[in-house]
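Open the model in your viewer and show the chain as a cartoon. We will start with the whole chain, then go from stop to stop.

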Amino acid sequence: MPNTIFKTSTPCSDITQLPDLGVKKADFIADFKRYYSHRLGRDQNCRSPHYAYEALSLAVSDRLVERWKKTYNTYREQDCKKAYYLSMEFLMGRTLSNAMLNLGVTDVVGEAMYELGLDIEELIEAEPDAGLGNGGLGRLAACFIDSCATLQLPVTGYGLRYEYGMFTQTVVNGEQVERPDHWLKNGNVWEIERPEYTNCIKFGGRVEEITDENGHKRKILVDTHDILAVPYDTPIPGYKNGTVNTLRLWKATATEEFKLDEFNAGDYAESVAAKNTAENISMVLYPNDANENGKALRLQQQYLLASASLQDIVANWVGRHGSNFTHFAEKNCFQLNDTHPSVAVAELMRLLMDEHGLSWDAAWTITQKTMAYTNHTLLPEALERWSVGLFQSLLPRIMEIIFEINAHFLAEVATQWPGDTERLARMSLIEEGHGQHVRMAYLAIVGSFSVNGVAELHSKLLQEGLFKDFYELWPEKFNNKTNGVTPRRWLAACNPELAEFITEKIGDKWITDLSELKKLEKFLNDKKFCKKWYELQQNAKQKLIDFKKTEHDIDLNVNALFDVQVKRFHEYKRQLLNVLHVIHLYDRIKRGDTENWTNRCVLIGGKAAPGYYMAKRIIKLINNIAEVLNHDPEVGEKLKLVFMPNYRVSAMEKICPGADLSEQISTAGKEASGTGNMKFMMNGAITIGTLDGANIEIREEVGDDNFFLFGLNESEVEGMRHHYDPVNIINQDEDLKRVMNLLESGHFNQFEPGIFDDVINSIKSPDDMWMTIADFRSFIDAQKRVEAAYQDKDLWTRMSIINTANSGKFSTDRTIQNYSDDIWHLKAVTVK
């Protein structure tokens, strides 16, 4: 039987071998008209830009698809080694502008739309942000797969196709209000459903042992509750190289979507109950896990991702090689993006043993040679832990395998350290105490051949702290891979005027080799160059002002210092410290201490997790302070505070080109890396920051004079922790005392008494893990240095150029090349 639908030996060449689609203006005009009229049924009377966006996206997507097929066939013909990037998040942002850039058709498409009387920017703005991530983790994954395609590395991304994103953040009376982010309500023109690759995911049931036809004993699951995982593929284009890789996202569906007998009996709700239950798994990114149902849903999400992806990869292998897994580890590598997908370790064991008959030792050898783990956090509470009871209920066979992995592992530890029962307890995959819990990060470490952090300090602290016992056992496993961002989206696309100016001066090689930006330093003393750089920065600030005017009825002064902090809200990121500085500036204005003043616009954005009370209180505080100072005529243009709601990728594309100062002020030793710091730096903003995460490496690249350093370092933070006395710090600092008095007097909540008491108490508590005010004085002093530097326009422009020129290290092209060279061992594949 032929393995295709074609019945002849030379199948339908007129269908499968079409001429390449053109990329000239006339080609895009013709395809746009065809899609707009015949596919979407619209005409000149349609007023919605959505349909014009969709018609253009379909035309661009066609060009991606033909390159996509060539890429797939080239990889298949060469039988090259592949890597698979498993991540719960892929924060892709908008696709159209990035696709046009990487295809090299941005200008020609813009001209085509102009000829049709359409504004390309309006069409780009009509695309919703893909709601597939929350913050840095997801954005990093998106940058990574962009770089993999640009470097022509055979890497596939695997994630979940969430129906709803994190949430749409609105602000009502200063409070964060979460609304559904139904980003798929109008469909997604960039994806292709692939139902032929659907996989069955088994939950619950019980484990039975059987003897197969060869006389071998195997474990099987019976009486399970089954869910189907349906793949949706999105093309990921490299930059002008013909390579288009794949992002495969799984949607959960029921095995039987509709029960007709229930419907006919009048039980309409029950007739679709299985469908609704199944689809809940991929409905929302990160459901609230404060209750048991939420915990179960989170674990189901993680297992769905791991099982569906591994089944897909193993099935592809078996289709080409049969059940011979001798060379499987030579041809495949799995990168686990943080701890969420770590159940993949046990799932691969299950597939190899239960489905394909491998022995424990053979399966474990393959698993340990193919799994690699990236850790993204230094916060112990952020590491995944699941109760054994929940695991046994949802995934009984996986729990058995984890217990056996743990038994083998502890035997190895006991051999290395005989009689060290405390070490055995610390390193066990099963945490004892108030109920047993599975330590998922430990499972990932034990099952992987590589464990990496994402900045030099982060990796060092993992080895010396969080994973110290494992580092002592397996030092060869541990390595560092400093994060980066893609320069295509985060400079070339989001700041086209600056990108064009850079290309005019040094050529366009920097777009794929960011170290080329170092050549900009030869223009530091070129007055004409520096003048143009300053003008471009001011233009970007004006665009940011115009963007914010659509959300805020507030006038911002383009000549003021744009002081920006945008990131996920968490106490360790210390948005609260930033706010205390704003109150200090307000206090100075009210006291008349404004000699040699630097006007400043403080822009803060980010979402707080729905259940994170303190982070949401801080958002409320920011908005209350903004309400007071932005309406005080005495303050005027000296100081503005703006909270930017619904921070997202497309917003950051407007924000980072318009920032002067990048606030990276986390408590030292708490931020793994950060990537926002890199985006701002790449666009010429200067960092004010602690010695935390990638800040350290940014400072090394730009030099001490082009980075505003403040605060305790990581060892000093830990040294102070046991005698931290915030009340004493307040009493010894007159500026801080006045700031606290304004807070405690209710100046910013005169009609809402007591609403900030918990925030005030946290500041004054010796148990404040984030030591918010330990760095207050140092922060204020650093901000004074910022003001002095900003007043010297030539000095600030020079610092800005130096930051951009030295951002080469922070390209994900460099990061991914390091992953490939040191972990994946892939070879670049030129697409035919």
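Two residues are in contact when heavy atoms lie within 4.5 Å. With that in hand, look at the whole chain: of its contacts with a separation of 6 or more, 77% join residues 24 or more positions apart. Keep in mind that this is a predicted model.

**The whole chain**

Stay zoomed out. The protein chain has 35 helices and 23 strands. Its C-alpha atoms fill a box of roughly 90 × 75 × 65 Å along the principal axes. Does the radius of gyration agree or disagree with that of a compact globule? It agrees: with 832 residues, such a globule would be near 28 Å, and the protein chain has 28 Å.

Now turn on the surface. The accessible surface is about 33,800 Å², and carbon and sulfur atoms own 49% of it. Of the 832 residues, 58% are buried. Colour by charge next. There are 93 positive and 118 negative charges, and their mean positions are 4 Å apart.

**Stop 1: a hairpin**

Select residues 206-222. Strand β7 (residues 206-211) and strand β8 (residues 217-222) pair here in the antiparallel sense, over six bridges. To check the register, pick Val-207: its bridge partner in β8 is Leu-221. Then look at the turn. Five residues lie between the strands, and Gly-215 in this hairpin takes a positive phi near 85°.

**Stop 2: Lys-240**

Move along to the loop between β9 (225-237) and β10 (244-254), where Lys-240 lies. Is Lys-240 buried or exposed? It is exposed, with a relative accessible area of 52%. Check its backbone too. Most residues other than glycine have a negative phi. Lys-240 is not a glycine, yet its phi is positive, about 50°.

**Stop 3: an enclosed helix**

Select helix α13, residues 344-355. Of its 12 residues, 11 are buried, so the helix is largely enclosed by the rest of the structure. Show the side chains. The buried residues include Leu-348, Met-349, Leu-351 and Leu-352. Charged types are on the list as well: Glu-347, Arg-350 and Asp-354 are among the buried residues. Step past the end of α13 to Gly-357, whose phi is positive, near 75°.

**Stop 4: a sheet of three strands**

Select β13, β14 and β15. They form an open sheet in the order β13-β15-β14, with antiparallel pairing. Which strands stand at the edges? They are β13 (385-387) and β14 (430-431); each has a single partner strand, so one side of each is left without a neighbour in the sheet. Zoom in on β14 and β15 (residues 437-439), which are joined by two bridges. Ile-430 stands opposite Val-438 in β15.

**Stop 5: a sheet of six strands**

Now select β18 through β23. These six strands form an open sheet with parallel pairing, in the order β20-β19-β18-β21-β22-β23. At the edges stand β20 and β23 (708-709), each with a single partner strand, so one side of each has no neighbour in the sheet.

Go to β18 (residues 561-566). It pairs with β21 in the parallel sense over two bridges. Val-564 has Ser-662 of β21 as its bridge partner.

Next, step to the other pairing of β21 (residues 661-664), the one with β22: parallel, over four bridges. Leu-661 stands opposite Ile-686 in β22.

Hold on β22 (residues 686-689) and show its side chains. Both faces are covered. Ile-686 and Ile-688 are buried on one side, and Thr-687 and Gly-689 are buried on the other.

**Stop 6: Arg-648**

From β20 (639-644), follow the chain into the loop before α26 (649-655); Arg-648 lies in that loop. It is partly exposed, with a relative accessible area of 24%. What does Arg-648 touch, leaving aside residues up to four places away in sequence? Select Asp-129, Phe-547 and Glu-551 to see its contacts. For a sense of distance, pick the C-alpha atoms of Arg-648 and Gly-684. They are separated by 21 Å, and the two residues are 36 apart along the chain.

**Last stop: His-825**

Finish in the segment after α35 (812-824), where His-825 lies. His-825 is partly exposed, with a relative accessible area of 49%. Its phi is near 55°, a positive value in a residue other than glycine.

Conventions:
Residues are numbered from 1 along each chain as its sequence is written. This is a predicted model: local features need pLDDT of at least 70, side-chain atom pairs count only at pLDDT 80 or more; totals for chains, interfaces and linings use all residues. Side-chain values use heavy atoms; hydrogens and water are left out. The radius of gyration is taken over C-alpha atoms; the globule rule is 2.2 Å times the number of residues to the power 0.38. Buried means under 20% relative accessible area, exposed over 50%, partly exposed in between (1.4 Å probe, protein chains only). Accessible areas come from the Shrake-Rupley method with a 1.4 Å probe; for residues, only the protein chains shown count as cover. The place of a charge is taken as NZ of Lys, CZ of Arg, CG of Asp or CD of Glu. Two strands pair if DSSP finds at least two bridges between them.
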